[in-house]
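Me: I am new to this structure and would be grateful for a guided reading. Please show it to me first.
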Amino acid sequence: MDPSSEDVSQTDKKFLENLSGSGKAIGVLTSGGDAQGMNAAVRAVVRMGIYVGTKVYFIHEGYQGMVDGGKHIVEANWQDVSSILQVGGTVIGSARCQEFRTREGRKQAAHNLTKHGISNLCVIGGDGSLTGANLFREEWKGLLQELVEEGKIDEATAHKYSHLNIVGMVGSIDNDFCGTDMTIGTDSALHRIIEVVDAIMTTAQSHQRTFVLEVMGRHCGYLALVSALACGADWVFIPESPPGDGWEDQMCQKLSENRSRGTRLNIIIVAEGAIDRQGKAISSSVVKDNRARKKRLNIIIISEGAIDCYNKPITSDMIKDLVVKRLGFDTRVTILGHVQRGGTPSAFDRILASRMGVEAVLALLEASPETPACVVSLSGNQAIRVPLMECVQMTQEVQKAMDERKFAEAVKLRGRSFENNLNTYKSLAHKKPEGEQLPSNFTVAILNVGAPAAGMNAAVRSAVRTGISQGHKMLAVTDGFDGFTKGQIKEIKWGDVGGWIGQGGSLLGTKRTLPAKNANAIAEQIRSHNISAILLIGGFEAYLGLLELSAARAKYDEFCIPMVMVPATVSNNVPGSDFSIGADTALNAITDTSDRIKQSASGTKRRVFIIETMGGYCGYLASMSGLSAGADVAYIYEEKFDIRELQSNVEHLTGKMKTSVQRGLVLRNENCSENYTTDFIYQLYSEEGKGVFDCRKNVLGHMQQGGSPSPFDRNFGTKISAKAMQWITKKLSETYRQGRVFANSLDTACLLGMCRRTLVFQPVAELKNETDFQHRIPKEQWWLKLRPLMKILAKYKISYDVSDAGQMEHVDRRLTQDTQNSVAI
């Protein structure tokens with residue numbers, strides 16, 4: 001579709017007309033340390049820039065290339081960024097540049113940019129790189145004036161390029177930049193860490209061995225903290241929250257209690273530099289307690305940069321020496337180092353970087369001389385813009401607070417995501433002593449409903465431990481409502497869910513059975529087990545089941561108890577939540593498989609792959625994996641298509657294949673059309689592509705549901721379930737009257753979902769109007785607005801909704817939002 005056509009919205013049309021022929025040129029560079037996803041960001045900047053009619057230039061080797069000029073500044077074309085989406089690092093290079101730190105060096109950089117007509121810079125890097133860019137912007141006019149005085153440029157050139165626009169994207173695996181929930185590369189780094197931890201767990205269980213793992217992070221403990229959440233660590237040391245006095249005894253007691261409950265594995269995540277207040281090392285009682293109980297494994301993960309309250313560092317070798325000397329354990333040190341920066345980017349990072357790159361181009365082209373330099377950031381599932389220097393100043397304030405040992409303030413300044421992670425970890429990792437656990441006299445049942453999804457077990461673990469810490473008796477129901485009907489119910493304790501967090505599928509067992517036809521039997525089980533509340537973890541069947549349970553309240557008083565659902569399904573089709581547990585793992589499975597399938601055509605003749613994804617009638621998996629895998633088109637139920645569009649897509653691919661493109665990728669949601677099946681599309685493409693390309697088809701099937709959960713799903717499941725249990729505790733207190741719980745209002749049967757930026761409890765009865773029950777999808781889905789990005793980046797000319805563009809937010813306001821309702825990963 002051509003942008004000038006009548007099908008383009010008036011807002012889009014006016015916007016594109018303003019950009020067309022604007023003569024603005026964009027320079028894109030990557031600076032500082034590399035991070036997975038940088039290439040996806042570069043690709044998006046180049047292709048979106050070309051889409052809106054501007055020239056885009058690569059600036060190779062970061063600021064060094066800007067200073068050196070010449071061959072380092074090269075105009076980019078569409079094909080230059082082909083096949084880089086799945087590549088780690090940065091293909092345009094990154095380098096430290098001392099010359100750019102001087103005014104003379106920045107003046108030379110300004111001269112080189114004006115030679116190419118570049119007055120817009122997209123900088124992908126960390127806080128140091130972005131701070132340097134802002135200084136460059138502030139000095140720009142003065143630098144041009146000096147160049148005029150030296151005769152290197154004329155007054156007309158200085159006037160034409162009188163203002164430099166700067167937009168940043170944060171590329172850093174550390175996630176240490178304030179103003180964004182996630183930086184490009186962080187999710188991929190977590191994937192590398194968790195892959196190593198999972199692998200070490202399996203081998204370490206065969207030996208009586210201690211593992212010391214050191215992870216990156218410098219002065220930020222994000223990677224260590226989230227790794228601790230994602231692998232169920234027993235203890236974590238991070239720079240922002242160093243241990244206080246007596247931490248050795250507390251940790252020893254914790255490990256001893258865990259072992260006494262039959263735990264075979266202890267994981268301690270330590271930030272580099274952690275010691276106690278007296279400068280003493282870890283107590284030998286840890287080893288003695290574990291050895292006495294025939295403990296087979298300790299894993300210690302060290303996050304580079306952690307400190308104690310006196311800013312004294314601890315090294316991985318120090319930990320090893322302590323363990324060997326005091327514990328006598330066979331100990332190994334594993335320093336992950338740059339492994340965390342390497343490898344292919346995750347689906348999350350590819351999508352994030354692509355969205356940020358497109359938004360960065362729009363921000364540059366909308367900028368005026370009065371517009372401050374900004375950073376394109378992520379808040380929940382929203383792309384926003386925040387003033388660059390506000391973010392930098394807040395980031396510097398974190399370090400200042402840590403230097404002054406104001407650690408509570410440092411944690412708060414890190415932002416809602418970090419603080420929420422830390423609070424959740426503390427509540428799940430440390431069981432209260434028996435004497436401090438006051439029984440609530442409430443019993444909570446937990447069950448999985450529907451198809452299994454990776455992350456379900458993490459959600460169950462979190463719910464069980466949160467419930468126990470609040471004094472509840474927790475009951476596990478096996479095999480969903482089918483097991484509920486048959487009385488397959490037993491108490492589940494703290495230690496029973498140890499090691500669950502990294503396992504895929506559903507250890508409780510799950511079925512698609514709905515409760516209505518067995519309401520009487522389920523009511524009897526609720527009565528006989530004295531169940532006071534129910535937590536359901538599952539997909540659309542869980543949603544339907546909760547609707548049926550709440551409707552049954554009119555007939556059975558037993559259902560007049562608090563009931564809440566947490567969405568868990570790879571299809572991401574539950575109304576009331578933008579994300580479901582398991583969807584991220586499925587996206588990564590599709591993306592990884594698509595990469596391998598496309599690679600199979602490397603060096604062969606031109607080929608188009610037709611891949612069918614799961615999702616029922618929901619096109620989330622097909623659309624988002626299409627964006628992350630660089631697909632040419634994704635067919636979904638929500639966007640109707642006909643034979644004319646299929647023919648147009650074939651012609652589009654044919655045109656690309658006649659140039660230098662070797663591979664094409666077409667995704668099809670399994671229920672997108674009753675008649676345009678995967679076989680039909682395969683045959684159509686095969687027939688129409690004769691002489692230009694051939695086709696292959698793949699149906700991915702249930703591999704999308706299997707495998708170990710991704711870090712995102714582990715942590716999303718952990719935090720959302722903890723929040724659900726807190727809600728249950730609150731509702732039990734509110735509805736307990738005259739010796740019993742009675743809850744029959746709409747707000748006592750809720751679905752907990754992530755909506756835009758926060759967690760929201762919504763009565764399921766009110767969600768009925770938002771649901772297409774026939775096709776089992778929400779009537780409105782946020783991700784549909786991202787579909788044009790895939791086609792733009794695949795060289796289609798289509799309409800792009802820019803109605804939300806141009807919004808600038810401030811860091812301070814975002815930090816004051818309710819962290820308790822935040823679930824940013």
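Me: Is Gly-504 buried, partly exposed or exposed?
Reply: This is a predicted model, in which local features need pLDDT of at least 70, side-chain atom pairs count only at pLDDT 80 or more, and totals for chains, interfaces and linings use all residues. Residues are numbered from 1 along each chain as its sequence is written, and side-chain values use heavy atoms, with hydrogens and water left out. Buried means under 20% relative accessible area, exposed over 50%, and partly exposed in between (1.4 Å probe, protein chains only). Because its relative accessible area is 29%, Gly-504 is partly exposed.

Me: Which side chain of opposite charge is nearest to Arg-137?
Reply: Arg-137 lies in helix 5 (residues 127-149); helices (H or I, at least four residues) and strands (E, at least two) are DSSP runs, numbered from the N terminus. Lys and Arg count as positive and Asp and Glu as negative, while His and the chain ends are not counted. A salt bridge requires a side-chain nitrogen of Lys or Arg within 4 Å of a carboxyl oxygen of Asp or Glu. Arg-137 is buried and has no salt bridge, and the nearest side chain of opposite charge, 5.6 Å away, is that of Glu-138.

Me: Which residue stands opposite Leu-378 in strand 12?
Reply: Six of the six residues of strand 11 (residues 374-379) are buried, so this strand is largely enclosed by the rest of the structure. Strand 11 pairs with strand 12 (residues 382-387) in the antiparallel sense over six bridges; pairing requires that DSSP finds at least two bridges between two strands. Opposite Leu-378 in strand 12 stands Ala-383.
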